[in-house]
Amino acid sequence: MCPRGLGRRRRLLALLTSIGVGCSGLMGLLQPLPALAIPQKEAMKKLAVIPVFVLADAKGVPLPLQREKALVLPLYLDRVKAEQELAAFLKVNPTIKAGVLPMPMNVALERVQELNKTLKGLKLLSPVIPTPSDLSQARTLLAKQGLDQKAIQQGLSVPVFFTKPLITVKTPQGERGLFFFNYASLQKAMAAIPDRNKLTVQAADLSAVMDQIVKQSKDTYAFYPTPEYFRLVEQQSRAKGAGSAGAPPPVAPKR
């Protein structure tokens with residue numbers, strides 16, 4: 001890393017620390033979702049059950065990467081991919097103690113947004129990195145939905161899967177239609193539905209899904225937690241000595 005880039009990264013690390021981006025984000029991941037979700041800020045809280053993984057130093061402060069004229073903090077949906085990037089990072093920076101830090105997607109996006117308001121002459125980009133398999137599956141589905149390859153290439157960044165009609169689940173706040181970040185989780189949910197052949201699987205970009213959620217007059221949607229969410233809950237339960245019994249089981253979707 002060049003001296004100029006190192007200075008930028010140090011400045012950014014100081015700012016990250018000052019706004020509190022660290023291990024405390026994991027605790028927010030385990031909190032229940034709020035009942036209201038129509039205002040954009042409230043809608044973003046629905047992403048609390050979608051963990052992302054970032055490279056962070058020993059104090060839990062995320063480590064942005066120098067990419068030409070920008071600083072980039074990738075938000076990985078796949079822990080394995082994040083660990084691969086960590087290995088590559090440590091190979092280039094052997095003196096830095098770093099690891100992979102999980103945090104709720106809504107927390108990560110909000111912190112980056114706050115940070116960019118304070119940066120002068122710098123820009124922090126925070127792309128959400130989906131798994132290649134989910135991205136490929138979404139492209140296939142969008143092509144079946146009638147979109148051409150150019151539109152898919154330009155409009156798809158973070159794939160979200162759902163069915164028509166929507167798979168729904170009963171919650172204490174009422175019935176909610178489900179969106180899935182993980183295609184395998186959607187397939188598993190469909191397997192529990194007797195008339196699943198009547199469901200059509202579709203895909204959309206996260207931005208389009210969030211727009212749909214915000215436009216509703218009532219809170220009618222929810223995101224189904226990713227497998228990584230349940231793994232983190234189970235790990236935290238074991239760390240507290242509660243064992244796997246402390247982890248909430250996946251909710252069985254119903255039509």
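Helices (H or I, at least four residues) and strands (E, at least two) are taken here as DSSP runs, numbered from the N terminus. The structure is a predicted model, in which local features need pLDDT of at least 70 and side-chain atom pairs count only at pLDDT 80 or more, while totals for chains, interfaces and linings use all residues. Residues are numbered from 1 along each chain as its sequence is written, and side-chain values use heavy atoms, with hydrogens and water left out.

Confidence is a good place to start. pLDDT is the predictor's confidence in each residue, from 0 to 100; its mean over the chain is 81, and 80% of the residues reach 70 or more. Residues 11-37 stay under 50, and for this stretch the model has 65 contacts (heavy atoms within 4.5 Å) beyond four places in sequence. Over residues 243-255 the pLDDT is also below 50, with 31 contacts in the model beyond near neighbours in sequence.

The backbone offers a pleasant detail around Pro 165, which sits in the loop between strand E8 (159-164) and strand E9 (168-171). The peptide bond joining Lys 164 to Pro 165 is cis, with omega of about -10°. Further along, Gly 241 has a positive phi of about 85° just after helix H10. As background, most residues other than glycine have a negative phi, and most peptide bonds are trans.

Beyond the proline loop, E9 leads through a hairpin of 2 connecting residues into E10. Strands count as paired if DSSP finds at least two bridges between them; E9 and E10 (residues 174-180) pair in the antiparallel sense over 4 bridges. Within this pairing, Val 169 stands opposite Arg 176 of E10. An open sheet is formed by 3 strands in the order E2-E3-E6, with mixed pairing. Strand E2 (65-67) and strand E6 (124-125) stand at its edges, each with a single partner strand, so one side of each is left without a neighbour in the sheet. E2 runs antiparallel to strand E3 (residues 70-72), the two being joined by 3 bridges, and Gln 66 stands opposite Leu 71 in E3.

Turning to the interior, a nonpolar core is a set of buried Ala, Val, Leu, Ile, Met, Phe, Trp, Tyr and Cys residues joined through side-chain atoms within 4.5 Å. Buried means under 20% relative accessible area, exposed over 50%, and partly exposed in between (1.4 Å probe, protein chains only). The largest such core has 58 residues, of which Leu 47, Met 105, Phe 181, Leu 206 and Phe 223 touch the most other members. Leaving aside neighbours within four places in sequence, the contacts of Phe 223 include Lys 46, Leu 47, Phe 181 and Leu 206. Another core, of 5 residues, lies apart from the largest one and has Leu 55, Leu 63, Leu 65 and Leu 86 among its members. Asn 106, in helix H5, is buried as well, with a relative accessible area of 7%. Beyond four places in sequence, Asn 106 is in contact with Met 44, Lys 45, Leu 47 and Ala 48.

The structure holds 7 salt bridges (a side-chain nitrogen of Lys or Arg within 4 Å of a carboxyl oxygen of Asp or Glu). One of them joins Lys 46 and Asp 219 at 2.8 Å, N to O. This pair links distant parts of the chain, 173 residues apart: Lys 46 lies in the loop between helix H3 (40-44) and strand E1 (51-57), and Asp 219 in the loop between helix H9 (206-215) and strand E12 (221-224). Both Lys 46 and Asp 219 are buried.

Two further salt bridges lie within helices. In helix H5 (residues 105-118), Glu 114 and Arg 111 are 3 residues apart, and therefore separated by about one helical turn; their closest N and O atoms are 3.9 Å apart. Glu 114 is partly exposed, at 35% relative accessible area, as is Arg 111, at 24%. Helix H10 (residues 227-239) has 13 residues and reaches 18 Å from its first C-alpha to its last, close to the expected 18 Å, a span given by 1.5 Å times one less than the number of residues. Its buried residues include Tyr 229, Phe 230, Leu 232 and Val 233. Glu 234 and Arg 238 form a salt bridge of 3.1 Å, N to O, and are 4 residues apart in H10, about one helical turn. Glu 234 is partly exposed at 29%, and Arg 238 at 48%. Finally, salt bridges that share partners join Lys 46, Arg 176 and Asp 219 into one network.
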